[in-house]
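Welcome, and thanks for taking a look at this one with me. Please have the structure open as you read, so that each residue can be found as we come to it.

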Amino acid sequence: MIVLRSDLLTGFKNKLFEIDINDVDGFGIALVDNKLICSFTSKIVKNGFEISGYIINTILYDCDRCLESFCNKNKIKTNLLLSNDPGITDNEKYEIIYFPDHENSVDLRKILLDILIIEIPFKILCTNLCKGLCPVCGINLNHKPCSCSN
């Protein structure tokens, strides 16, 4: 996702961006329609630009317990600071991106993918009540009980 300095200087509000993504750079994450959609607002701040908004996506997961595929819609709050000051490296409110004055554009694709990947849960479940698979016969216990002796 390329953002032009001229757009940042003009400012934008709730602007939609679409990023085409097939395999999220080898992480095995599948997005429905292979698109990452972002809604961002920008404003000029000291030493650069603030971009805030949401990464909106629908990820296709496989449940860790029952192995069924399911979709999960996510809306990730995102705050970026594009700064011309290389000394700014740590801030709890923003993801900092160095954006020197001589650059006319910035590619936000990698940082947005990083934010998306960080938000993926360690344990992926279709529901909190997922019963998983029978360890003996392998039947999905969410669909019907098995006749195996436990």
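A residue is called buried here when its relative accessible area is under 20%, exposed when that value is over 50%, and partly exposed in between. Thr 78, with a relative accessible area of 1%, is therefore buried. Please keep in mind that this is a predicted model. The points below start from the core and helix H2, then move on to buried polar residues, aromatic rings, cysteines and a few places of interest in loops and after H2.

**The nonpolar core and helix H2**

- The largest nonpolar core has 36 residues, and Leu 36, Phe 40, Leu 82, Leu 108 and Leu 112 are those that touch the most other members.
- At least two residues of this core come from each of S2, S4, S5, S6 and H2.
- In soluble globular proteins, nonpolar side chains tend to be buried together.
- Helix H2 spans residues 109–118, and its buried residues are Ile 111, Leu 112, Leu 113, Ile 115 and Leu 116.
- Which strands help to cover the buried residues of H2? Among them are S2 (15–20), S3 (30–31), S4 (35–45), S5 (48–62), S6 (69–83) and S7 (95–98).

**Two buried polar residues in strands**

- Thr 78 belongs to strand S6. A polar atom of the Thr 78 side chain lies 3.1 Å from the backbone oxygen of Ile 76.
- Once residues up to four places away in sequence are set aside, Thr 78 touches Phe 40, Ile 51, Ser 52, Gly 53, Ile 55, Leu 112 and Ile 115. Of these contacts, Leu 112 and Ile 115 are among the buried residues of H2.
- Asn 57 sits in strand S5. The relative accessible area of Asn 57 is 4%, so this residue is buried.
- Leaving out neighbours within four places in sequence, the contacts of Asn 57 are Leu 31, Leu 36, Asn 72, Lys 73, Asn 74, Ile 76 and Leu 116. Leu 36 also appears in the list of core residues that touch the most other members, while Leu 116 is one of the buried residues of H2.

**Aromatic rings and the lysines over them**

- Across the whole structure, 4 aromatic pairs are found.
- One of them is the edge-to-face pair of Phe 12 and Phe 17, with ring centres 5.7 Å apart and 70 degrees between the planes. Both Phe 12 and Phe 17 are buried.
- Tyr 61 and Phe 70 make a tilted pair, at 5.7 Å centre to centre and with 35 degrees between the planes. Tyr 61 has 6% relative accessibility and so counts as buried; Phe 70, at 16%, is buried as well.
- Phe 12 and Phe 17 join Phe 40 in one aromatic cluster. Phe 40 is a familiar name by now, being listed with the core residues that touch the most other members.
- Two lysines can be seen over rings. The charged end of Lys 15 sits over the ring of Phe 12, 5.5 Å from the ring centre, and Lys 75 lies over the face of Tyr 54, 4.5 Å from the ring centre.

**Cysteines**

- How many disulfides does a search of the whole structure find? The search finds 0.
- Cys 63 is in no disulfide, and the nearest cysteine sulfur, that of Cys 66, lies 3.7 Å away. With 1% relative accessibility, Cys 63 is buried.
- Cys 148 is likewise in no disulfide, with the nearest cysteine sulfur, that of Cys 137, at 3.6 Å. With 22% relative accessibility, Cys 148 counts as partly exposed.

**Loops and the segment after H2**

- Asn 47 is in the loop between S4 and S5. Its phi is positive, near 65 degrees, in a residue other than glycine. At 30% relative accessibility, Asn 47 is partly exposed.
- Leu 67 is in the loop between S5 and S6. Leu 67 is not a glycine, yet has a positive phi of about 70 degrees. Is Leu 67 buried or exposed? Its relative accessible area is 55%, which means that Leu 67 is exposed.
- His 143 is found in the segment after H2. At 60% relative accessibility, His 143 counts as exposed.
- His 143 and Gly 53 are 90 residues apart along the chain, and their C-alpha atoms are separated by 39 Å. Gly 53 is one of the residues that Thr 78 touches.

Conventions:
Residues are numbered from 1 along each chain as its sequence is written. This is a predicted model: local features need pLDDT of at least 70, side-chain atom pairs count only at pLDDT 80 or more; totals for chains, interfaces and linings use all residues. Side-chain values use heavy atoms; hydrogens and water are left out. Buried means under 20% relative accessible area, exposed over 50%, partly exposed in between (1.4 Å probe, protein chains only). Helices (H or I, at least four residues) and strands (E, at least two) are DSSP runs, numbered from the N terminus. Contact means heavy atoms within 4.5 Å. A disulfide is a pair of cysteine sulfur atoms within 2.5 Å. A polar contact is a pair of N or O atoms within 3.5 Å; within protein, one must be able to donate a hydrogen and the other to accept it, and residues adjacent in sequence count only if both atoms are side-chain atoms. Rings of Phe, Tyr and Trp (its six-membered ring) pair if their centres lie within 6.5 Å; planes under 30 degrees apart count as stacked, over 60 as edge-to-face and the rest as tilted. A charge sits over a ring if NZ of Lys or CZ of Arg is within 6 Å of the ring centre and within 35 degrees of the ring normal. A nonpolar core is a set of buried Ala, Val, Leu, Ile, Met, Phe, Trp, Tyr and Cys residues joined through side-chain atoms within 4.5 Å.
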